[in-house]
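Me: I am new to this structure and would like a close look at a single part of it, with enough of the whole to place that part.

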Amino acid sequence: MQHLISKAHESFIKFIYASVMVEDNRARRILEDIARFEYRHMVWLMTDARREGHSFNMDFDEREIKKLEVNTEGELLSVLIEDLENNIKTYSDEKETPTIARLINDDKHFLYLVRGLELDDREITAFNQSRELPGVELKDDAKAALVFFLMEETFKEYELITIYSYLKVHSDKVVASCAFTDLAYDSIYHLKRFAELASKMGVLTMPKPIPHDKYQNIGVVEFLKENIEEEMDAEKQCLILAEKIGNEELSDFLLFISRQEVYHGELLQRALDAVKGE
Ligand SMILES: [Fe+2]
Ligand SMILES: [Fe+2]
């Protein structure tokens, strides 16, 4: 089970990052759709594993993710095609279950879609360290603050997706499980928006596997209390940057994110109440 979960996990990361690395809007949308399904595949595999009594972790092979660091969109496309082909091969070697059948069905269609994308030698600029946001004038200190924020926050959002997904699958309280689902989906959205900006500025960085002690055998009540604090801190970071950035569009975006962070605190509080009420 573990290798299947890791595979779907790697696909999720590859597709969500690839979706912010390509220029063409249609390609971005298709890659993002696929990323969302690869995320669901991972969660379904985790759910099956738990139901069957297997323990698992949220590790992934960093070498797989490193494959995204290519020079052209054409090369990126080859990486994604190879990824889906590998998934289909791996799943086909497994005993067929409803989940495995669904995953094979999905990935075959996604492979068809990805093969149909016309991406060529356009250079990938996501890693070129330009630190410029095309079409936006920013003062040096605002730019430095934005770059720092994006690098920190993409990493944090990825970490939260990992933790919330793991907790969701291991939670038997419906209210808590729903809250974790919502939090994971919001974090996927935040990750995408932050990674989009990071990619435009040439400072996109790949995620790292999260240490097991961040999500395994943790006291859920303690974790929830700490994370309510963290969400409040995220709100504050967004507000500080919104104030500093000196650009209306970016400032509006940061205020929007900061208000979502406030709601994350509320969702965690509901989960906390549900868990405490056991
Ligand atoms: Fe967030
Ligand atoms: Fe949050």
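To begin with the whole, which radius of gyration does the protein have, and how does that agree with a compact globule of 278 residues? After that, please take me through helix α5, residue by residue where you can.

Reply: This is a predicted model, and its radius of gyration is 19 Å, which agrees with the value near 19 Å that a compact globule of 278 residues would have. The C-alpha trace spans about 55 × 50 × 25 Å along the principal axes, and 37% of the 278 residues count as buried. The secondary structure comes to 9 helices and 0 strands, and among contacts between residues at least 6 apart in sequence, 78% join residues at least 24 apart.

Within this setting, helix α5 runs over residues 98-115, and its 18 residues reach 26 Å from the first C-alpha to the last, close to the 26 Å expected at 1.5 Å a residue. Its buried residues are Leu103, Asp107, Phe110 and Val114. They cover an arc of only 65° around the axis, which puts them on the same side of α5. An α-helix has 3.6 residues a turn, so residues three or four places apart point the same way. The cover over the buried residues of α5 includes α2 (25-51) and α4 (73-92), whereas the face turned away from that buried side carries the exposed residues Pro98, Ala101, Asn105 and Tyr112.

Technical notes:
Residues are numbered from 1 along each chain as its sequence is written. Chains are lettered from A and ligands numbered from 1 in the order in which they are written. This is a predicted model: local features need pLDDT of at least 70, side-chain atom pairs count only at pLDDT 80 or more; totals for chains, interfaces and linings use all residues. Helices (H or I, at least four residues) and strands (E, at least two) are DSSP runs, numbered from the N terminus. The radius of gyration is taken over C-alpha atoms; the globule rule is 2.2 Å times the number of residues to the power 0.38. A residue is buried if 20 or more other C-beta atoms lie within 10 Å of its own, exposed if 12 or fewer, and partly exposed in between; C-beta atoms are placed from the backbone. Two residues are in contact if their C-beta atoms, placed from the backbone, lie within 7 Å. The expected span of a helix is 1.5 Å times one less than its number of residues. The arc is that of the directions from the helix axis to the C-beta atoms.
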